[in-house]
Every structure is written in C-alpha cells, then in structure tokens.
Amino acid sequence: MTITVVVSRFIAAVADAARLVAVTAPKEPLVNEPELTEPMSLTWPDGSLNRASVGWARRPMIDTSGIDGRRSWGRNKRWEYWNVMTPTHIVALTVSSLDYAAVHEVWVFDRDSGQAVHRTATGVLGGSAELPPVLGDGSARSRAKHLTIDVDEVPGGTRLRARIPGASVDVLAARPPGHECLAVVVPWSDKRFQYTVKDVCRPASGTITIGDRTVDVPAGESWAVLDHGRGRWPYDIAWNWGAGSGIVDGQVIGVQVGGQWTDGTGSTENAMLVGGRLHKISHELTWEYDLAESTHPWRIHGGGLDAVFTPFHVKRSSTRLGVLSSRTDQCFGHWSGSFSTPEVKVRLDGITGWVEDVHNRW
C-alpha cells in the first residue's frame, strides 16, 4: 500500500467521522427557481452549461446529449437508478457510467426475512453501460459477468428487467395520464452542473423471483421511483436524498427531498406530488439525523414540509480505491408528518420509501 493511498484513506475516514451527527442546512431560505416550460439543451456546443436551462420542470424536457464523455473526461456522470418497493420486497437497479468506469448493481431484499440477493459489477471505462442521450429516447442496459439489466420504454410506462445469480426481476413502472415528476438543473459553475429527474409514485406491477420462488408485485400496493442523472460533477461531493410513495386519504402522495449537494446553487430538488400534481418546494430543507444511530427517526422540515422518517432497514455500502471512495447509508422505512401550503394540505402517514446520506470522491 502506497503512502498516497494510506493518506487518502485517513483523510476520508476523518471526514466521514466528522459527519456522523448531521444537521444539514440549518436555515430554510427561499431560492428563486424559474419553472421551465420549453425543451432546451443542457449544454452549449463547447460543452459549457446553457444557463437558460437552469430551473425546474414538471416533465423531462432537457437535451443532455452533450454529456457524452467527449469533453471534461472523468467528470461526466450518467446513470439510471430505479427502486421498486412492494409490501414484501425492495428492488434496486443501477446502470451507470462515470467515464473511467461503469458501475452496476442489482439488489433484491426480502422484507420479511431480512435477507438480500445482491450483485455489483464494475467495468473499466464505460463499455458495459448503454445509456440514452436523452431520458426516454432509447433503452438503458448493463451487461457484466452474472449481471444483466434492461430498462425499456414501452406503451404505458417503463419495463424494468434484471437478472443475477439467485434472483430476477420483471416489473412495469406505469406512467399514469397527467403524471408529473421533478426535473431540475443544478449549477455549481459553467463547467460543473447536474440535470436530475426524480420520478416518484410510478405504479408498479410484475414479478420478482428469488431462487425457485416467484412472487407478484401487486398493483396498487407497489411503487417504482426513478433517479435519472446526467452531468459533470466536482470530485468531492456529499448529498442527502429522500423519496416516498403511497396512498393517504384516497390520494396518491409522493415525497421528493434532497440536500447538501444543492446548497448555495439557487436550485433545490424538493417537491411533493399530490394526486399526480407536482408542488415545488423552493426552500433548502433542514435535515436532522445521526448516522451513528441511523435506525432512529430522521426529521426533514421547511417550506411547508414537516416530516419524520422512521427506518426499518439500513443498507450500507463503502468503497475505497486510493483517491476514489464512496460511502452510502440508505435507510428504508415509513414517512409520517404533513405538507401544508395555501393550496394543499396532506398527511404523509404510512408512505414508504427511503432516506440516504452519501459521500463520494469520484
């Protein structure tokens, strides 16, 4: 082990230890975010950020074909992450390209037994990942040893298929008529920026197979969530993300919240979905939690949201490869609390989903 690797691991460990008790964004300032209503490109021909694209939208409308690895090589990050929560199982699928590597994952968790079937695959450069230049304009696929993922747009929604030793998934994430999502462009600078689409409350149906047992993904009780990302990232970054989907008082309710990575950019990825309609929260929210006691309730509040998240399972992962490292604490559980504005007031009690704290050096 070289001195450089030892030093980098020590610095990473100290930084992560300092963040065990996290209270992020202690204020909740209102940010001025324009709503985008017309399609446009994320980048100019020279690869820099098109500032006119900075804002948020109710549907995917940003052309991200300029994030193709030809410019700013090593800083381009592209991925599709899908999560499916059912009354009995949780599924997570990742297809990603980080320029110098492609990272894929299939995770199938049995909520009753607490057992998971899991496989990750990392490929040199991005050859094992196929990702569309624009969301919805083509399929996402990964091909690695003992791991395949196929994400295809089909009539009525998105078909999610995956196979690893011991498990397979075939799920339709439906797209109801009029369904809205949150699309946001986050600018750190003209050279570093991210376009994200967070699409919660996609009704899911299909099957999950573990070993020789196949179980249904029951329609009306199962939900899929998409995290679509295209951008050019700083080397060292941390973020929070929380999502939830469910039916409360006869209405479909979705939670989409984030933090840390958007602080100070003038953009947020905070919103609520009520009956298929998006309600943007243009505030930097306050997150209160303790990673040393991550199964304890997390509180997220601000901008009309007062939410508590109570975990029932924690999924942790950590990778250290010299100067490259990644740590994820992702907690699955139940939401409670309320969201209230002059236009809408809803309860969150019983919605299922997750919250996470992530720190990457990539």
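Buried means under 20% relative accessible area, exposed over 50%, and partly exposed in between. The model is predicted.

**Exercise 1.** Classify Glu-153 and Arg-175 as buried, partly exposed or exposed, then place their salt bridge in the chain.

Solution.
- Step 1: Glu-153 has a relative accessible area of 33%, so Glu-153 is partly exposed.
- Step 2: Arg-175 stands at 39% relative accessibility, so Arg-175 is partly exposed.
- Step 3: Their side chains form a salt bridge, 3.1 Å from N to O.
- Step 4: The pair links distant parts of the chain, 22 residues apart. Glu-153 lies in strand β11. Arg-175 lies in the loop between β13 and β14.

**Exercise 2.** Which of Glu-35 and Arg-58 is buried, and where do they sit?

Solution.
- Step 1: The side chains of Glu-35 and Arg-58 meet in a salt bridge at 2.9 Å, N to O.
- Step 2: This pair joins distant parts of the chain, 23 residues apart. Glu-35 is in the loop between β1 and β2, Arg-58 in the loop between β3 and β4.
- Step 3: Glu-35 has a relative accessible area of 37%, so Glu-35 is partly exposed.
- Step 4: Arg-58 has 19%, so Arg-58 is buried.

**Exercise 3.** Work out why Lys-198 and Asp-227 count as a salt bridge, and say whether each is buried or exposed.

Solution.
- Step 1: The closest N and O atoms are 3.6 Å apart. The cut-off is 4 Å, so the pair counts.
- Step 2: Lys-198 is in strand β15 and Asp-227 in strand β17, 29 residues apart.
- Step 3: Lys-198 is at 6% relative accessibility, so Lys-198 is buried.
- Step 4: Asp-227 is at 8%, so Asp-227 is buried.

Note on methods
Residues numbered from 1 in each chain as written. Predicted model: local features only at pLDDT ≥ 70, side-chain atom pairs only at ≥ 80, totals over all residues. Heavy atoms only, no water. Helix = DSSP H or I, 4+ residues; strand = E, 2+ residues; numbered from the N terminus. Buried < 20%, exposed > 50% of the residue type's maximum accessible area, 1.4 Å probe, protein only.
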